[in-house]
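Please go through the packing, the sheet and the charged pairs of this multi-chain model.

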Amino acid sequence: MTARTDPRSAGWRDWLTTDTPQSRAQARLGRAWAGWTAFRRNRLAVAGLLIVLALVIVAALAPVLAPYHPYAQDLNNRLLPPSAAHWLGTDAFGRDILSRLIHGARLTLMIVALVAATAPLAGLVIGTVAGYFGGWVDTVLMRITDIALAFPKLILALAFVAALGPGIENAVIAIAITSWPPYARIARAETLTVRRADFISAARLQGASSLRIILGHIMPLCVASLIVRTTLDMAGVILTAAGLGFLGLGAQPPLPEWGAMIASGRQYVLEQWWVAAMPGFAIFIVSLGFNLLGDGLRDVLDPKGD
Amino acid sequence: MPTLKRGLTLLVTVAATLLGLLLVTFLIGRVVPIDPVLSALGDRANAESYAQMRTQLGLDLPLWQQFLRYVGDVAQGDLGTSVLTSRPVLEDVLRVFPATLELATVAVVIGAVLGVPAGVFAAVNRGRWPDHAIRLLGLIGHSLPIFWLGLMALLLFYAKLDWVPGPGRVDVFYEGMVDAVTGIVTVDALLAGETDIFWNAVQHLVLPSAILGLYSVAYIARMTRGFMLDQLRQEYITTARVKGMSETRVVWGHALRNIAVPLITVIALSYAGLLEGSVLTETVFAWPGLGLYITNSLLSADMNAVLGGTLVVGAVFIALNLLSDLLYRLLDPRAR
Amino acid sequence: MTDRKTTDNAPLLEVSNLRVAFPTRTGMAEAVRGVSFTLGREKLGIVGESGSGKSMTGRSILRLVPPPGRVTADRLAFNGEDLLTASAKRMRDIRGRRIAMVMQDPKYSLNPVMTVGRQIAEAYRVHSKAGAAEAKRRALEMLAAVRIRDPERVYDRYPHEVSGGMGQRIMIAMMLIPDPDLLIADEPTSALDVTVQMQVLAILDDLCSQRGMGMIFVSHDLNLVASFCDRILIMYAGRVVESCRASDLHAAQHPYTRGLLASLPKIDEPPGDLPVLSRDPAWLEA
């Protein structure tokens, strides 16, 4: 400690990697730094992170980046192969496929964000409440979770959308409704490991309410494994949403949703393959990005789950 | 009597799960913004016949009574009538299900035959390049939209290379030439002694089942790797090595035997997943199975057919879960 | 005795400057740091506390140190044959057939999903061309030799269906069935009840003397080793700090050994506080 006269010149690295943090914030930042160093070594995970960041940037700057308007039809230039004017070709209405993909990133990101903001949260609440209270609350909640886990997710999502009517909002609702159970299981398992810990008893002795303990002490501890699982699941969410779009149950035309774009290119696939191929590449790359990122995060945040 | 008690618990769980599934399909059926009375009578029904039909359909009863009625109907095999085919849904589903069964079964065999060795290989080479390569391939497999992969595979192997026949279960001129005994074309062709049709059906089966199977390879390989790593750390593995056994026999004879039971569970679960995943594959390959039936019904808002199909897939799901549980108890000497 | 015992005058095992190291984040950590000894057809006890490197010494003789561990030695020879340069195939011939090992807890060292009979028969068949019936006959004989009363019944049991003491006897049967020259016993009785410890030791002792085998007995129990073995090595932090005949143990020189001896309770002295072993950092360099 004494050797470090000027913290700035000694460098942030020392401050972050010290074994004796001076404050809670320093300890947290140090942990994050250690995680980041481990994460950075996994080149595939970094690639995944870059893909996800690219998705966010493309979605944010879609109108700036897209060379054409996504709905601008040009019937004289239908089904053109990739060229200098249309890098990825044009579709059956002469719309620029690249521009539609760029705008479609917004839809994909929106679906991912909405599902990620709802299903894991619902699972977190159910799982922590069941784990914390135990007894009949646990039995009832986990029985329901187990029952829901045994359902065929994709088919139920299809049935939900069929009932609610096609559309991107209903697709998101259907996906979220069918994907909460695994999160509840994870959150409960994490809660059980800490429920009897001394610091929980200490908080209870100080008079903290159950709500306060669950919100302030238990939920934060479940977050790491939930983030890993959510990230990995997002790849599946993208694929499911695209599948719904492909079947005509998700986003409706003329929205540039990638799955729906594949469906509309399907009839031309033998002659004008790019119409269906390009959106598929987009889905694949983004989905791979989430998979790589989730896989890397799992190594850093959840080493047990090797 | 612990066996009896366990058996009862299992039975209650299965019954509760089935009931939960029925509740979900029932509720989905209620939120549909389609008036079932009007769809039964047509738009021009007068008020009197409307009320009559409403009573007949039980729609004036409280919701819980309607649910009981629904459970009773389903228990008697009454899933309603399909608007699209004008036939009882159960009849339709039983007719199309063998095609899905055939597809998913071949797919799960492909998944297990590729996935288990890949997982073992990755575990044995943990941290070295084969492990990383298999992991990356698995992640790639999990990132490909299956319907798109199917389309691209058709484009490449059917249209460009002409290695496989196109969509459908057999070539058009073979269709209906063998009696549907089991409903599984390959088996029916063999039963009828029609080897030409059998080979034609096999060629039609290769691409869709390979695409569907690839989807489970990654999952099976990943689980196998994890199980295998757990086992390779165990002391009995050292014992086998001390005996002077070759590494091949240590891995495949000793370690694999210990993961056989959990692996069967994993394979049963991915089988269930494939039955479900066949929805999109069947659409792309015009495979006349349950998946195609459900999607066609979806597009024409034929809710009886959709919910009936969902119920059947769900029941098969639950049955496979139950089966893997029973196998676990039967096969593991420690659980007996 | 059998023809194999003609090389009686040459040492069974020669170990010189054996080192086992594991890479860690901060460089290589040595678990064994230059161990040397020779072994004839005798019982050698290796005593030390947890982490002293005694088990790793046993495992490195069989070349079964788990990766990424690295084994080096000036000489590591069995019957004059260099073990470090032997091919993987040659090592497999040696393992089981010439050198065998009994491990600590039969709960973990037996394969849980194979019947014990099958595991014993397999150990025999790895090294012989015998058929299934012959292997089964030999396995039943071997079960009888480790004083299991009803071999036929035990043969078809799974490991979780037998007691710890019986499990360890099964393990001994499995390791001795190919008739090895050297047995490494790695804490073979530590996981057992005190009452069956002596039983298992007696069986081990009888079989070893009958067959004229050499044995390395690894244990943390100084008393047990002193009463059971001919010679004793005391290990501390990866080094041999003391080597003596079991009968001369009371005259041991090294302060660590003296400390260990002093901390043993004695029945004929009034019970008081046992002295706490003080550790001199210099021992690490000794």
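The report below covers the conventions, the nonpolar cores, a sheet and the salt bridges.

**Conventions**

This is a predicted model: local features need pLDDT of at least 70, side-chain atom pairs count only at pLDDT 80 or more, and totals for chains, interfaces and linings use all residues. Residues are numbered from 1 along each chain as its sequence is written, chains are lettered from A and ligands numbered from 1 in the order in which they are written, and side-chain values use heavy atoms, without hydrogens and water.

**Nonpolar cores**

A nonpolar core is a set of buried Ala, Val, Leu, Ile, Met, Phe, Trp, Tyr and Cys residues joined through side-chain atoms within 4.5 Å. Buried means under 20% relative accessible area, exposed over 50%, and partly exposed in between (1.4 Å probe, protein chains only). The largest core has 151 residues. A:Trp258, A:Phe290, B:Ile28 and B:Leu290 have the most contacts inside it. Helix α12 (residues 210-246) of chain A gives the most to this core, with 17 residues. Helices (H or I, at least four residues) and strands (E, at least two) are DSSP runs, numbered from the N terminus.

Contact means heavy atoms within 4.5 Å. Leaving out residues up to four places away in sequence, B:Leu290 touches B:Val93, B:Val96, B:Phe97, B:Thr100, B:Glu282, B:Gly309, B:Val312 and B:Val313. Another core, of 90 residues, lies apart from the largest one. Among its residues are B:Val242, C:Leu204, C:Leu233 and C:Cys244.

**The sheet in chain C**

Six strands of chain C form an open sheet, ordered β7-β8-β9-β3-β10-β11, with mixed pairing. Two strands pair if DSSP finds at least two bridges between them. β7 (99-102) and β11 (239-245) of chain C stand at the edges, each with a single partner strand, so one side of each has no neighbour in the sheet. The twist averages 20 degrees from one strand to the next. Axes are lines fitted to C-alpha atoms, for helices over the stretch in contact, and angles run from 0 to 180 degrees between N-to-C directions.

At one edge, β7(C) runs parallel to strand β8 (residues 182-186) of chain C, with four bridges joining them. C:Val102 has C:Ala185 in β8(C) as its bridge partner. Helix α7 (residues 164-176) of chain C lies across β7 and β8 of chain C, at about 175 degrees to β7(C). Helix α8 (residues 194-211) of chain C also packs on the sheet, touching β3 (43-47), β8 and β9 (214-219) of chain C.

At the other edge, six bridges join strand β10 (residues 231-236) of chain C to β11(C), and the two run antiparallel. C:Met235 stands opposite C:Val240 in β11(C). The hairpin of these strands has two residues between them, and C:Ala237 there takes a positive phi near 50 degrees.

**Salt bridges**

A salt bridge is a side-chain nitrogen of Lys or Arg within 4 Å of a carboxyl oxygen of Asp or Glu. The count comes to 34 over all chains.

| Pair | N to O distance |
|---|---|
| A:Arg188 and A:Asp138 | 2.7 Å |
| A:Arg298 and A:Asp295 | 2.7 Å |
| C:Glu141 and C:Arg138 | 3.9 Å |

A:Arg188 in helix α10 (residues 181-195) and A:Asp138 in helix α7 (residues 135-149) of chain A are 50 residues apart. Both are buried. A:Arg298 and A:Asp295 are buried too. They belong to a network of salt bridges with A:Asp299 and B:Arg135. C:Glu141 is partly exposed, because its relative accessibility is 42%.
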